[in-house]
Every structure is written in C-alpha cells, then in structure tokens.
Amino acid sequence: REGQVQIMSKECYSGMPDIHLIFSKDVEKIGVGENYAANCTGNECSVSSDKEVGINELILVDLKYPAHAKVIGILFTGQEMCDVTPEEIDISLDPTLEPGTTAAPITTPEPDPFDGCANYEIVETWNNGWKGHLHIPIKKDTSRWRLDAEFNKPVVADFWAGLPEKWSNGRTKVIVLGHDWSATQKAGTIFKTGFTANHKEGDKVFIKWMKLKMCWAAGGCMSCDIVKEECSSPRLTVARPNDPLSPSKPNVIYGVFSKEVKECSNDMPPIEIEFSSRVKRLVVGRGRYQASCSGDKCTISTENPIKMVAGTQLEIKFRAVFWEAPGKLVGLNYGDEDMCHN
C-alpha cells in the first residue's frame with residue numbers, strides 16, 4: 001500500500017516531532033520519503049526527522065506499508081490526527097470554499113447609511129476632467145465643516161457647497177470651507193454636494209486622498225477619510241476571481257498576506273486591512289485564524305495564541321466580500337507597524 005501523511009504545523013520546531021502511526025495489524029517496517037526515518041514495534045511505527053519545521057508549514061510524508069495492514073491512527077505532538085472512523089476536518093488555509101452545511105449560518109446586518117464617512121462617486125467624465133458627487137451622512141447637528149484634498153496633478157476645481165480657502169502653489173492640494181448656508185446641517189439627513197475638476201488634456205488625474213472634518217453645534221469635531229491613496233504594499237496581494245467555470249462574483253476579491261517574522265513573541269499581532277469601500281465579511285482559513293469587519297476595515301487575529309519564531313514566513317489567504325463593488329487596498333497594519341506608508 002502507498003499513502004501520504006499531511007500535517008499542518010502550528011508551531012516552529014528545530015527538529016520535527018515524531019509522527020506515530022498505528023496500524024490494524026503488526027508491521028515489521030514501513031517505507032518513508034527522503035529525509036525521514038521509521039522505527040516499528042508491533043502495530044506502531046514512529047516517523048522521525050531532523051528537519052526544521054516552521055509555523056503553518058505543511059509536513060508531507062510519503063508512506064509504503066504492507067497490504068495486509070491499514071492505518072487506523074496518527075499521533076502528532078500528543079494530538080490524535082485521525083481515528084478508526086476519521087471525521088472530515090478542514091485544516092486548509094485556502095478560504096475559497098464556503099463553510100459546509102454543518103457550519104453555523106453566516107449572518108450579516110444590512111449596512112447602516114449613517115455608518116461611515118461619506119460616499120464619493122464619479123458621475124460624469126470628459127476629456128480633461130470629471131464630476132464627482134459626495135453623500136455625507138449627518139450624525140449630529142453641525143456648525144461647520146472642512147474638506148482637505150490632494151490630486152496627483154494640477155487641477156482647477158469648483159466645489160459647489162464650499163469655498164476653496166487655500167490652494168498649494170502647484171494646485172494639487174486644496175482646503176475647502178463650507179459656505180454659511182451649507183455649514184449647518186441637521187442630524188439624520190444626508191448632505192449631498194459635489195465638485196467638478198478640470199485638468200490638462202491627456203493627463204491621468206485622480207484624487208490621492210480626501211479628508212472631511214465636521215464640527216457639531218453642541219461642541220466637538222470628528223475627522224474621517226473619504227478617499228485614501230491606494231496602498232501598494234508587497235506584503236499583500238489581491239486579485240479578482242478568474243474562474244470561467246464559476247459564476248461571476250463582481251463583489252469578491254482574493255488576497256494573500258505574507259511577512260517574515262522578525263522577532264519571537266507568544267502570539268501573532270492583529271492584522272488590520274482597510275479598503276476604500278465597505279466590507280461585508282472576510283473569510284480566512286478556519287481553525288487557526290478569525291476575522292471581524294466594521295465598515296471598510298477588517299481585523300485578522302488568531303483563534304488561539306500561536307508562538308511566533310524569528311525567521312518564520314507567515315502566509316494567510318483570505319477572501320473579501322463587499323457590499324457593493326470591491327474597494328482598493330488603502331491601509332495595512334501588522335500590529336503597530338504601518339506597512340503601507342513606511
């Protein structure tokens with residue numbers, strides 16, 4: 001008989017812990033792959049190796065054993081990996097499949113129109129410019145507001161409900177203050193405004209970032225980002241689904257976060273991923289990681305503490321499902337480390 005043992009390691013080891021195989025009958029010896037050794041007594045065999053094993057590394061051992069015997073048990077670091085009647089367990093890091101029918105149903109609340117900063121939409125374009133609409137949810141009565149924006153190239157812009165107070169010398173950065181009539185907005189309403197931007201014909205122009213500051217009639221202010229520059233961190237790659245056999249999924253993207261662990265710790269720090277549009281849910285490999293989302297931000301953490309050893313390559317696959325069109329990656333933090341803007 002031939003077979004293969006597949007075990008996903010949850011920790012780092014300088015030498016692989018022994019894998020104990022239990023057979024249905026006594027066996028004198030078994031064959032194992034290169035870099036492994038086996039020792040058998042009765043119906044049990046131990047597979048050993050001096051090779052180093054990292055976190056999330058898949059251990060693969062090819063086996064050859066007598067035809068009269070069956071593998072009825074596997075032990076690794078004291079944990080039973082299978083039984084006489086194995087239970088199907090998903091230990092894959094690939095989250096492309098939905099949870100099985102026995103999994104708890106995924107419930108997500110409908111998006112709150114007053115949750116978030118503002119909705120920015122390009123509604124019209126021409127050879128040397130475009131028109132943009134802003135829909136701003138008003139949570140409290142306002143006394144004034146301010147808009148800061150930066151374009152990647154010089155523009156001439158007209159903001160309908162505000163006065164451009166200050167432009168940079170290169171006409172790429174602008175500060176806009178609300179007019180008297182537009183500065184006061186009532187709680188529970190959606191403030192609708194917009195702008196037109198014109199530029200040199202043939203240039204590819206876009207907003208790098210746009211920040212809104214609103215101050216309340218009762219006191220206090222809040223700031224939020226309407227547009228953020230797309231993050232191009234090499235530590236995270238994203239792609240749209242490209243499977244001609246599957247139905248189109250326009251609101252889904254797939255991604256992989258990877259990073260070399262620089263120092264030892266008792267657990268992985270949280271990974272915060274921010275997109276330019278609201279996320280419905282983020283699916284990660286089950287049994288090891290978990291994810292939670294609020295608005296346009298998602299946080300990946302471990303279900304149980306995982307020891308992090310310096311030099312280990314961390315790799316986490318995920319699938320992001322958006323309420324509408326997929327957003328761009330605009331923020332990525334590994335613990336306190338800003339991986340987009342360093």
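Visitor: What makes the link of C117 and C224 right-handed?

Guide: The torsion does: there are 60 degrees about the S-S bond of C117 and C224, and the link is right-handed. Do keep in mind that this is a predicted model.

Visitor: Why is the pair C117 and C224 called a disulfide?

Guide: Two cysteine sulfur atoms count as a disulfide when they lie within 2.5 Å. The sulfur atoms of C117 and C224 are 1.9 Å apart, so the pair meets that cut-off.

Visitor: Which parts does the pair of C117 and C224 tie together?

Guide: C117 sits in the loop between β8 (79–82) and β9 (119–126), while C224 belongs to strand β17 (residues 221–227), so the bond ties together parts that are 107 residues apart in sequence. Both cysteines, C117 and C224, are buried.

Visitor: How do you know that C40 and C45 form a disulfide?

Guide: Their sulfur atoms are 2.0 Å apart, and the limit is 2.5 Å, so C40 and C45 qualify. The torsion about their S-S bond is about 110 degrees, so this disulfide is right-handed.

Visitor: Why does C40 count as buried?

Guide: Buried means under 20% relative accessible area. C40 has 16% relative accessibility, so C40 counts as buried. Its partner C45 is buried too, with a relative accessible area of 1%.

Visitor: Are C215 and C221 buried or exposed?

Guide: C215 has a relative accessible area of 4%, which is under 20%, so C215 is buried. C221 has 41%, which falls between the 20% and 50% cut-offs, so C221 is called partly exposed. These two cysteines form a disulfide with their sulfur atoms 2.0 Å apart, and a torsion of about 100 degrees makes that disulfide right-handed.

Visitor: What makes C264 exposed?

Guide: Exposed means over 50%. C264 has a relative accessible area of 55%, so C264 is exposed.

Visitor: How many disulfides does a search of the whole structure find?

Guide: The search finds four disulfides.

Visitor: Now for empty space. How many cavities of 30 Å³ or more are there?

Guide: A search of the whole structure finds two. The largest cavity has a volume of about 70 Å³, and the second largest holds about 40 Å³ of space.

Visitor: Why is the largest cavity called a cavity?

Guide: The name goes to a set of points where a 1.4 Å probe fits but cannot get out, so the space of about 70 Å³ is called a cavity. Its lining includes W145, L147, F159 and W160. β15 (190–198) gives the most to that lining, with three residues. By class, the lining divides into nine nonpolar, three polar and no charged residues.

Visitor: Which residues lie nearest the centre of the second largest cavity?

Guide: Among the ten lining residues, C117, P137, K139, M214 and M222 lie nearest its centre. β16 gives the most to this lining, with three residues.

Visitor: What does the largest pocket look like in numbers?

Guide: The largest pocket has a volume of about 1,500 Å³. Its lining has 42 residues, with A118, Y120, I226, S276 and S277 nearest the centre. That lining has 20 nonpolar, eight polar and 14 charged residues.

Visitor: Which residues have the most contacts inside the largest nonpolar core?

Guide: I271 and I273 do, in a core of 29 residues. β24 (313–322) gives the most to this core, with five residues.

Conventions:
Residues are numbered from 1 along each chain as its sequence is written. This is a predicted model: local features need pLDDT of at least 70, side-chain atom pairs count only at pLDDT 80 or more; totals for chains, interfaces and linings use all residues. Side-chain values use heavy atoms; hydrogens and water are left out. Buried means under 20% relative accessible area, exposed over 50%, partly exposed in between (1.4 Å probe, protein chains only). Helices (H or I, at least four residues) and strands (E, at least two) are DSSP runs, numbered from the N terminus. On a 1 Å grid over the protein atoms alone, a cavity is a set of points where a 1.4 Å probe fits but cannot get out, and a pocket is an open set with protein on both sides within 12 Å along at least five of seven lines; lining residues have an atom within 4 Å of a point. Grid points are joined across faces, edges and corners, and a volume is the space filled by probe spheres set on the points. Ala, Val, Leu, Ile, Met, Phe, Trp, Tyr, Cys and Pro count as nonpolar, Asp, Glu, Lys and Arg as charged, and the others, Gly among them, as polar. A nonpolar core is a set of buried Ala, Val, Leu, Ile, Met, Phe, Trp, Tyr and Cys residues joined through side-chain atoms within 4.5 Å.
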